[in-house]
Amino acid sequence: MRSLRRTPRLPGPVAGRLPSGDRALAAAALASGDWAVVTPAALVVVGEDGVRERHPWHEIQHGTWDGDDRRLTV
């Protein structure tokens, strides 16, 4: 996954597919054309046709943050 952006620049059709109440904090385009979106409540994979995956943070077992590279690995 590419580095996440602090200010998301989601395409309009993708941003419109985020679940109600989910606010994008960071986002990265994926090779598939979908987007990985970090929200306060979950890690969401979303595309122009809707949400493909939504993983609430309490269900994530492992993750690391590299502040120097600004890289989140889940």
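These notes record what I looked up about the sheet in this predicted model.

**Entry 1, strand order.** I began with the overall arrangement and found an open sheet of four strands, ordered β1-β2-β3-β4, with antiparallel pairing. The edges are taken by β1 (26-29) and β4 (50-56), and because each of these has a single partner strand, one side of each is left without a neighbour in the sheet. I also noted the twist, which averages 15 degrees from one strand to the next.

**Entry 2, β2 and β3.** I then turned to the pairing of β2, residues 35-38, with β3, residues 42-47, and found that the two run antiparallel and are joined by four bridges. The connection between β2 and β3 is a hairpin through three residues. For the register I looked up individual positions: V37 lies opposite V44 of β3, while V38 lies opposite L43 of β3.

**Entry 3, β3 and β4.** On the next pairing I counted six bridges between β3 and β4, again with an antiparallel run. Here the hairpin that leads from β3 to β4 passes through two residues, and I recorded V51 in β4 as the bridge partner of V46.

**Entry 4, burial of β3.** Which residues are buried on each side of β3? I found A42, V44 and V46 buried on one side, and L43, V45 and G47 buried on the other, so that by the cut-off of under 20% relative accessible area both faces of the strand count as covered. The tally for β3 is accordingly six buried residues of six.

Terms used: Residues are numbered from 1 along each chain as its sequence is written. This is a predicted model: local features need pLDDT of at least 70, side-chain atom pairs count only at pLDDT 80 or more; totals for chains, interfaces and linings use all residues. Side-chain values use heavy atoms; hydrogens and water are left out. Two strands pair if DSSP finds at least two bridges between them. Axes are lines fitted to C-alpha atoms, for helices over the stretch in contact, and angles run from 0 to 180 degrees between N-to-C directions. Buried means under 20% relative accessible area, exposed over 50%, partly exposed in between (1.4 Å probe, protein chains only).
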